[in-house]
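Work through the exercises below with the sequence and the model open beside you. Try each task before reading its solution.

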Amino acid sequence: MANAERGGLAGSPRTVSRIGMALGALWLLAAVLAVRQAAAVLRLPPERRLTDLERWIGDNGVLHVRGSLYDKDSFTGTPFAGLVLKPLTRAAEQSLGIAFTFGTLLLVVALALVAARALPGPVSRRTALLAAPVAISLTVLSLPVRNTFTLGQTSILPVLLVLLGCCLPRAAQGTGRTTGILVGLAAALQPVVLLFAPLLWFTGRRRAALTTGATFLACSVLAWATMPDDSWTYWVHHIAGAGLGQAPDGLANQSLHGLLLRIGLRGPVELVLYALLAAGVAALGLRRAVSYAKDGQALLAIAITGCVAVAVSPTAWQHQQLWILLAVVGRVGKRRADRLVWPVLVVLVMTLTSTALMPHNRVQGPIADHAPLLAALIAACAVPFLRRTSPLWEKPLPTPVSEPRPGRFSWVPLLRFWKRPLSRPNVLLELMLIRAGYWLYSFIRSEVPDERTLAESHGRQILDAEQFLHIDIEHGFNQFVAGTGWLTDSMNYYYGTFHFLVPVSLLVYLYLRRPGTYRWARTALSLATLMALIGFWAYPLAPPRLMPGLGYVDTANGPQDLENPDFGALTELSNQYAAMPSLHIGWSLWCGVVIAVIAPKLWMKVLGLLYPLLTFSVIIGTANHYVLDAVGGALVVTAGFVIQYALCGPGRMEGAAPAERPRNDDTERREPAEVVG
């Protein structure tokens, strides 16, 4: 009952109803994601489905080869793995991968459920209920699991065996035999899992550690007796499989060995440096894992040890990096506002590709390319995870909040959906969410239906509507701009530069100087952009410069070959039919409103409101948008501010965050000043 009360389930019926709705929605999402992942594999043609599994069960697969498993270097597993999985060949062939796919799905669900049950306590009843569907969703979405599904790999098994052996109460609290057997079997399938034996030893579970080693040795000896040549090839010639499969210096190998090879080190120098780095990471990481295991955080200890395994293994392919996702359970940060930074970082690294994480330039590209390795290293060696004995474990420093107040427009209904934070949000979390949001924005723009006929028909609809309203000014103004050289150059530069520069600069200023206003403005901008993405998808529209036969001049890219489906320099970068609504107008209007609200001088407010008008003239003069596109952009921004107002109430606040103000008896008793906007 105490847990239920702490979790909020013994509160008002309204609270119970909210939790029930959230739980139902999360389970529905988990089910949809799981089914979608299985369908994505089974929808592929047989020759493209489970490509790694085909290496096992195909006509020329390694399980049909009478000679060595490693003749073609396509099989990278241990001899014991080949021995165990050979009997499954006929069943896999007969089911064409269907049973294998659904079997993998069941393993993923089982892994997520075990991890959800192993969360370090005390855990509220609400968290315990929500943990399972969240764990399933994150696991299914992760790149290692998606890669495992697509290739038909078996790398889920070692992780699941370790979790079953170390986290299930019956196994963990018994004599240690069950734990040792399960972890030993996992090590027989993936030798780097032997790193869990020292973890068991130094946490006082010596029988389990000895059983792990004995089980691993027994499985390897059995495979050696059955397949001596293959065992010699794997354990001696390739030194535990190093060099099998893909080239170890490829980006797919996210280990220290792969990193050193990619920076150009070879031979004895690379091997010595790799050995020293691996020994250092293993010593430091295992020491931290033992410490957190003794603190009662078994799942975090497993995650840290798994991250060590990813870093020190000669090869750590994507389907072997699931250990990193388990590190999401670690709690980091003294403030409640900082608690989401580490989980969000891990989820982004484990679910997004390198191009989605960061722009691929000279500085950020290498960081994005090695994001899994960097995440594994900092999880194993650097992140200061909280201990359960810390007073901040259950009670982090709270975020100052304020209840929504009635606004000046009393006739507008306020939902008061959540309380308004008054402090400055965590900058790393904001940057990660902005990057993820921009990737989503770019992805949806690129996925907008780009059927030329449909987009051009919508363009004719817009022109007909403007002619009816007598606002079709695009062609005449575009011809005037195209015939004036200095005006053409100025507008082209403005169009390509200020669209991002001004909103980003304004957000930075608000974050540093007006944190309360920052949250208000940022939320409205995010809502407006989301609604614009829906518009892009629902109404693909060819801008004036891509309408054939109408005489519009593309001032930035020159004449377009409209008979070529790949016309235009920009078509390689983004979908050019995402024109309605105009986010150039939307974002500039958002800037104008925010500047008009916060600027102390009248002339500053006027300049702020002139900015969207100047942007309007640029998008029309360069033939990138119609007048009605601008109307659409203004509507989504207005809707963004209205929704933000309805959810949170008046949200604009002046001055610094409460924690940054001088404290005295009066200010502690009064709520921070607020200017209704």
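The exercises that follow concern a predicted model.

**Exercise 1. Overall make-up**

Task: State how many helices and strands the protein has, and what share of its residues counts as buried.

Solution.
Step 1. Count the secondary structure elements: the protein has 31 helices and two strands.
Step 2. Turn to burial. The protein has 677 residues, and 49% of them count as buried.
Step 3. Look at the contacts between residues at least 6 apart in sequence: 74% of these join residues at least 24 apart.

**Exercise 2. The nonpolar cores**

Task: Find which residues have the most contacts inside the largest nonpolar core, and where this core lies with respect to domain 1 and domain 2.

Solution.
Step 1. Recall the general background: in soluble globular proteins, nonpolar side chains tend to be buried together.
Step 2. The largest nonpolar core consists of 97 residues, and L163, I302 and W323 have the most contacts inside it.
Step 3. Helix α17, residues 298-312, supplies the largest share of this core, with twelve residues.
Step 4. The core lies between domain 1 (21-382) and domain 2 (420-560 + 573-648), because both give residues to it.
Step 5. Another core lies apart from this one; it has 31 residues, including Y441, Y494, L507 and W590.
Step 6. Return to L163. Setting aside neighbours within four places in sequence, L163 touches several residues, among them L111, V114, L299 and I302.

**Exercise 3. Aromatic rings**

Task: Decide whether the pair formed by Y511 and Y518 is stacked or edge-to-face.

Solution.
Step 1. A search of the whole structure gives twelve aromatic pairs.
Step 2. For Y511 and Y518, the centres are 5.4 Å apart and the angle between the planes is 85°.
Step 3. Planes over 60 degrees apart count as edge-to-face, so the pair of Y511 and Y518 is edge-to-face.
Step 4. Check the surroundings of these two rings: Y511 is buried, and Y518 is buried as well. R424 lies over the face of Y511, 5.6 Å from the ring centre.
Step 5. Look for a similar arrangement elsewhere: the charged end of R331 sits over the ring of W393, at 4.1 Å from its centre.
Step 6. Finally, locate the aromatic cluster made up of Y493, Y494, F498 and Y611.

**Exercise 4. A loop residue and its contacts**

Task: Place M227 in the chain and decide whether it is buried or exposed.

Solution.
Step 1. M227 belongs to the loop between α13 (206-226) and α14 (228-237).
Step 2. The relative accessible area of M227 is 9%; buried means under 20%, so M227 is buried.
Step 3. Beyond its neighbours within four places in sequence, M227 is in contact with L69, P79 and L83.
Step 4. Compare sequence and space for one of these contacts: M227 and P79 are 148 residues apart in sequence, while their C-alpha atoms are 7.3 Å apart.

**Exercise 5. Cysteines**

Task: Find how many disulfides the structure holds, then examine C167 and C648.

Solution.
Step 1. Recall that a disulfide is a covalent bond between the sulfur atoms of two cysteines.
Step 2. The number of disulfides in the structure is zero.
Step 3. For C167, the nearest cysteine sulfur belongs to C166 and is 6.3 Å away. A disulfide needs sulfur atoms within 2.5 Å.
Step 4. C167 is buried, at a relative accessible area of 16%.
Step 5. C648 is part of helix α30 and counts as buried at 5% relative accessibility.
Step 6. C648 and K419 are 229 residues apart along the chain, yet 6.7 Å separates their C-alpha atoms.

**Exercise 6. Backbone details**

Task: Compare H470 and A623: which is buried, and which is exposed?

Solution.
Step 1. H470, which is not a glycine, has a positive phi of about 60°. A623, also a residue other than glycine, has a positive phi near 65°.
Step 2. H470 is in the loop between α24 (452-469) and α25 (474-482). A623 is in the loop between α29 (602-621) and α30 (627-648).
Step 3. H470 is exposed, with a relative accessible area of 69%, whereas A623 is buried, with a value of 1%.
Step 4. One further backbone feature is the cis peptide bond from M580 to P581, with omega near 0°. P581 lies in the loop between α27 (515-538) and α28 (583-598).

How values were computed. Residues numbered from 1 in each chain as written. Predicted model: local features only at pLDDT ≥ 70, side-chain atom pairs only at ≥ 80, totals over all residues. Heavy atoms only, no water. Phe/Tyr/Trp six-rings, centres within 6.5 Å; stacked < 30°, edge-to-face > 60°. Buried < 20%, exposed > 50% of the residue type's maximum accessible area, 1.4 Å probe, protein only. Lys NZ or Arg CZ within 6 Å of the ring centre and 35° of its normal. Helix = DSSP H or I, 4+ residues; strand = E, 2+ residues; numbered from the N terminus. Contact = heavy atoms within 4.5 Å. Core = buried A, V, L, I, M, F, W, Y, C linked by side-chain atoms within 4.5 Å. Domains from an automatic or database assignment.
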